[in-house]
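Subject: Structure handover

Hello,

Here is the structure I said I would pass on. Please open it first, then read the notes below with it on the screen.

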Amino acid sequence: AKVGLDGHDRGAKVVAAVDELDYRPDRIAKALRRPGRWRQIGLLVPDVTMPLYGAFVGRVEIEARQRDHLTMVGNTGFDPERELEFAGAFTDVGIDGLIVVGAVNAPGTGQLCAQARVPAVWVHNTRGSLEAPIIGVDHVSAGELATMHLVTHHSCRDVVFVGGLTDEAVRHGDLETVVQRFKGFATAVGDSARAISTDLTAACAYAAVAEHLRTCDRPPDGFVVGTYGQASAVMRATTDAGLRIPQDVRVVGFDADAANNYKHAILTTVQQPIEAITRGALGLLLDDGRSSARGASVPPFASTLNVGETCGCA
C-alpha cells in the first residue's frame, strides 16, 4: 500500500526546497495577481523627526488609508541625491503617485517621475524651479503675520529675525521657506529689517543669538524665529543672557509641535493647516491624477496665529 504524506510533511518538503534553491518571490507580480483593495503612494519628507514633517507624515498616512492607499515614507535628510534615490526606488516598486514635502531637488525628482509616468504633487516648498503647483501656505504672508503681531499688538519697535538666508549659511535646511518668511518680516518692519544669521540648527541659533545679546547696545523688543527647530535655542539664549520672556523680549515662531504644550513657556506661533493641505495634496494626486503636473494654479492656504505665552498676550 502507498503511504501518503500528511500536510506537515508536504509543507516541510516545500520549505526545504525553497531554502535549497534560495527562492525569492516576485512581490510586485504577486501584488498584480492579487485583487486586493490596497494601492500605494510614496511620501518624501526632509526630516521626519521635525514636528512639521512628522505631522505631514501622520496626516498623509491617515488620509491615504481612507482612500485605500498605503503610504511608503522616505526620509531624505535634505539631501538632493537621497531624494532622487527614494523617488527612483518608489517608482520602481510601482507607486500610484508621489507626494514630496519640502523638496530639495524638485527639478530632478520631477523629471524622474515624468519619465516613470508617475504623478507627483509638491507640498510646503521646493528647492529649484518647477512648473507645477505647490500645495501649502503663503510663507511671505506668514512671516508678515508673525511680525505684525509684535509690531501692532505689542508695539515692538526693534524686532530681529533669526534664520539663515543664503546658500552659504544653510547647507541642510528649509532655506526657501525661511527666505520667504523673512520677506514678510521685512514688509512688516520696513527699512529696519535685520537678521541674525544661522545655519538653521538649534546649536547655531543659540550661539548666534547669545553673541548678539552679548554685543548689542540694548536687547531687541522681540525675535521672529524662522523655524521651529531654532525656537527653544533662541529662548534659552535669551534667558541665559539674564532677560525675561516675554517681559523683556517677546518671541514668535512657526510650525510649533501642537502635541507638546507642556514646556516652561508655550511658544506663540504661526501654524499651517496640515489637514487641509494634506487633503488638497491627495485630492490633486489621486482625483486629478496626471493633470497635477500641468501647472494649474492652486490658491495658498491661510496661516493662523496661535497665541501662546512667549509674545506677552497671556
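Of the contacts in the chain with a separation of 6 or more, 71% are between residues 24 or more positions apart. Keep in mind that this is a predicted model. The chain has 314 residues, and 43% of them count as buried. Its secondary structure consists of 10 helices and 11 strands.

The sheet

How are the strands of the open sheet ordered? The sheet has 6 strands, in the order S7-S6-S8-S9-S10-S11, and the pairing is mixed. Strand S7 (195–196) and strand S11 (304–306) are at the edges; each has a single partner strand, so one side of each has no neighbour in the sheet. As background, strands of a sheet pair through backbone hydrogen bonds, and the pairing is either parallel or antiparallel.

One pair to look at is strand S8 (residues 222–225) with S9, which is parallel and has 3 bridges. Within that pair, glycine 222 has arginine 250 in S9 as its bridge partner.

Two helices lie across strands of this sheet. Helix H6 (residues 139–153) lies across strand S6 (159–162), S8, S9, S10 and S11, and runs at about 165 degrees to S9. H9 lies across S6, S8 and S9, at about 155 degrees to S8.

Backbone details

Three residues are worth finding by number. Proline 246 is in the loop that runs between helix H9 (228–240) and strand S9 (250–254). The peptide bond leading to proline 246 from isoleucine 245 is cis, with omega near 5 degrees.

Histidine 124 is not a glycine but has a positive phi, near 80 degrees. Histidine 124 belongs to strand S4 (residues 120–126). Is histidine 124 buried or exposed? Its relative accessible area is 2%, and since buried means under 20%, histidine 124 is buried.

Aspartate 255 also is not a glycine and has a positive phi, of about 55 degrees. Where is aspartate 255? It sits in the loop between S9 and strand S10 (268–271). With 7% relative accessibility, aspartate 255 counts as buried.

Cavities

How many cavities of 30 Å³ or more does a search of the whole structure find? The search finds 2.

The largest cavity has a volume of about 50 Å³. Its lining consists of Tyr53, Phe78, Gly102, Ala103, Val104, Asn125, Thr126, Arg127, Gly173, Asp174 and Glu176. Strand S3 (98–103) and S4 each give at least two residues to this lining. By class, the lining of the largest cavity has 4 nonpolar, 4 polar and 3 charged residues.

The second largest cavity has a volume of about 30 Å³. The residues that line it are Phe56, Val60, Ile99, Val101, Val123, Ile277, Thr278 and Ala281. Helix H3 (51–66), S3 and helix H10 (274–287) each supply at least two of them. Which element gives the largest share of the lining of the second largest cavity? H10 does, with 3 residues. The lining of the second largest cavity divides into 7 nonpolar residues, 1 polar residue and no charged residues.

A pocket

There is also a pocket to look at. The second largest pocket holds about 310 Å³ of space. Its lining has 17 residues, and those nearest its centre are Met50, Tyr53, Thr227, Tyr228 and Gly229. H3 and H9 are the elements that give two or more residues to this lining. The largest share, 3 residues, comes from H3. By class, the lining of the second largest pocket has 7 nonpolar, 6 polar and 4 charged residues.

Tyr53 can be used to move between these spaces on the screen: Tyr53 is among the residues lining the largest cavity, and Tyr53 is also one of the residues nearest the centre of the second largest pocket. S3 can be used in a similar way, as S3 supplies at least two residues to the lining of the largest cavity and at least two to the lining of the second largest cavity.

Regards

Definitions and conventions
Residues are numbered from 1 along each chain as its sequence is written. This is a predicted model: local features need pLDDT of at least 70, side-chain atom pairs count only at pLDDT 80 or more; totals for chains, interfaces and linings use all residues. Side-chain values use heavy atoms; hydrogens and water are left out. Helices (H or I, at least four residues) and strands (E, at least two) are DSSP runs, numbered from the N terminus. Buried means under 20% relative accessible area, exposed over 50%, partly exposed in between (1.4 Å probe, protein chains only). On a 1 Å grid over the protein atoms alone, a cavity is a set of points where a 1.4 Å probe fits but cannot get out, and a pocket is an open set with protein on both sides within 12 Å along at least five of seven lines; lining residues have an atom within 4 Å of a point. Grid points are joined across faces, edges and corners, and a volume is the space filled by probe spheres set on the points. Ala, Val, Leu, Ile, Met, Phe, Trp, Tyr, Cys and Pro count as nonpolar, Asp, Glu, Lys and Arg as charged, and the others, Gly among them, as polar. Two strands pair if DSSP finds at least two bridges between them. Contact means heavy atoms within 4.5 Å. Axes are lines fitted to C-alpha atoms, for helices over the stretch in contact, and angles run from 0 to 180 degrees between N-to-C directions.
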